[in-house]
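Reader: I would like to go through this structure with you and ask why each label was given. Could you show it to me before we start?

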Amino acid sequence: MKNLKIAIQKSGRLNEKSVLLLKNCGLDFENYKSSLITRVSNFNLEILFLRDDDIPGYVEQGIADLGIVGENVIDETQSKVQYLQRLGFGKCTLKLAIPKDSAIERLEDLNGKSIATSYPNILQQFLNEYHIQAAIREISGSVEIAPGLGLSDAICDIVSTGGTLKSNGLKPFVDVRHSEAILIGREGLEENPIICELLQRIQSVLRAKETKYVVLNVEKKNLSQITELLHGVKSPTVVPLAEEGWVAVHTVISEDDFWDKINKLKAAGAQGIVVMPIEKIIL
């Protein structure tokens, strides 16, 4: 059977987490930094290590069957690919930023101004949406230095923490779009059992990351209050303890409401609460 190919970033902010995700899916491979391709030894898959800008095109053209790439790159390259799964990492925001002493206060003030960016297509779509007439100056590399050099009045670039903006005398102005890592596939991808299995593995890892496994002790008289707070994958598991009148409850809790649930469980009489990470959840 022909090996499937998945393209991931060779270096950069998505590489490490993409490799970790695939390894957490039980795939055994070497992350060859000096190579463009590596074979997964225990799965019919080859991994291509590419520049992130090239990944959507490789998938669109069928050179790679799948890819992991930032949503911003997909939009900028305008590639025709399928979104298969949001991956929850690599989150960032494409922002407009201006010098700290700029007179620009509203979007309308950008009319007649110049904006430096590495994302001209996304920026043009944004400007068109708000009927702004501004000159786009495409720059690859250090976009943040453009206003200081007199090349532009503003910039549009990816911002994670904002530290680079601050160090270059800039401040965030407007969010253009949010982005995260996406698993993509080529259009017209037939139902392939290998792809289905890989997607199932990825989804099981993502579900596990979003939840905690919780074990707690509670008196039987308070059990109904506890089970009302917990649902688990289907429902909590209740196991009698050696001490008469007590049970142990096993369940999972979403990471999003973890602390809120823990405090409510304690108030309902839960004791000896043990919280553990989950490796995978397969439905």
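Reader: What makes Asn192 a cap for the N-terminal end of α6?

Author: Happy to start there, with the reminder that this is a predicted model. A side-chain oxygen of Asn192 lies 2.8 Å from the backbone nitrogen of Ile194. A polar contact needs N or O atoms within 3.5 Å, and Asn192 thereby caps the N-terminal end of α6.

Reader: How do you know that the span of helix α6 is close to the expected one?

Author: Helix α6 covers residues 193-209, which is 17 residues. From its first C-alpha to its last it reaches 24 Å, and the expected value at 1.5 Å a residue is 24 Å. As for burial, the buried residues of α6 are Ile194, Ile195, Leu198, Ile202, Ser204, Val205, Leu206 and Ala208.

Reader: Why is Asn72 called buried?

Author: Its relative accessible area is 2%, and buried means under 20%, so Asn72 counts as buried. Asn72 sits in helix α3, residues 71-77.

Reader: What makes the pairing of the Asn72 and Ser179 side chains a polar contact?

Author: The two side chains come to 2.9 Å, and the cut-off is within 3.5 Å. Leaving aside residues up to four places away in sequence, Asn72 touches Arg13, Tyr119, Ile122, Ile158 and Ser179.

Reader: How do you know that Cys92 is in no disulfide?

Author: By the rule used here, the count of disulfides is zero. For Cys92, the nearest cysteine sulfur is that of Cys156, 11 Å away, while a disulfide requires sulfur atoms within 2.5 Å. Cys156 is likewise in no disulfide, with the sulfur of Cys92 as its nearest, at 11 Å.

Reader: Why are these cysteines labelled as they are, buried or exposed?

Author: Cys92 has 6% relative accessibility and Cys156 has 0%. The limit for buried is under 20%, so Cys92 is buried and so is Cys156.

Reader: Why is the pair of Phe126 and Tyr130 called tilted?

Author: A search of the whole structure finds one aromatic pair. The ring centres of Phe126 and Tyr130 are 4.9 Å apart and their planes meet at 50°. Stacked would need planes under 30 degrees apart and edge-to-face over 60, so this pair is tilted. Phe126 is buried, at 6% relative accessible area, whereas Tyr130 is partly exposed, at 41%.

Reader: What makes Lys23 count as lying over the face of Phe29?

Author: Lys23 is 4.2 Å from the ring centre of Phe29. The distance limit is within 6 Å, together with an angle of within 35 degrees of the ring normal, and Lys23 is found to lie over the face.

Reader: Why is Ser152 described as buried, although it belongs to a loop?

Author: The loop is the one between β8 (135-138) and β9 (154-159). With 7% relative accessibility, against a limit of under 20%, Ser152 counts as buried. A polar atom of the Ser152 side chain lies 2.9 Å from the backbone oxygen of Ala154. Beyond residues up to four places away in sequence, Ser152 touches Ser114, Ile115, Ala116, Arg137, Ala146 and Pro147.

Reader: What makes Ser167 exposed?

Author: At 61% relative accessibility, and with exposed meaning over 50%, Ser167 counts as exposed. Ser167 belongs to helix α5, residues 163-167. A polar contact of 3.4 Å joins its side chain to that of Asn168.

Reader: What makes the phi of Gln78 worth a remark?

Author: Gln78 has a positive phi of about 55° although it is not a glycine. Gln78 is in the loop between α3 and β5 (81-86). His131 also has a positive phi, near 55°, and is a residue other than glycine; His131 lies in the loop between α4 (120-129) and β8.

Reader: Why do Gln78 and His131 carry the accessibility labels they do?

Author: Partly exposed runs between the limits of 20% and 50%, so Gln78, at 47%, is partly exposed. His131, at 66%, is exposed.

Methods
Residues numbered from 1 in each chain as written. Predicted model: local features only at pLDDT ≥ 70, side-chain atom pairs only at ≥ 80, totals over all residues. Heavy atoms only, no water. Helix = DSSP H or I, 4+ residues; strand = E, 2+ residues; numbered from the N terminus. Buried < 20%, exposed > 50% of the residue type's maximum accessible area, 1.4 Å probe, protein only. Polar contact = N/O pair within 3.5 Å; in protein donor to acceptor, adjacent residues only side chain to side chain. Contact = heavy atoms within 4.5 Å. Expected span 1.5 Å × (residues − 1). Phe/Tyr/Trp six-rings, centres within 6.5 Å; stacked < 30°, edge-to-face > 60°.
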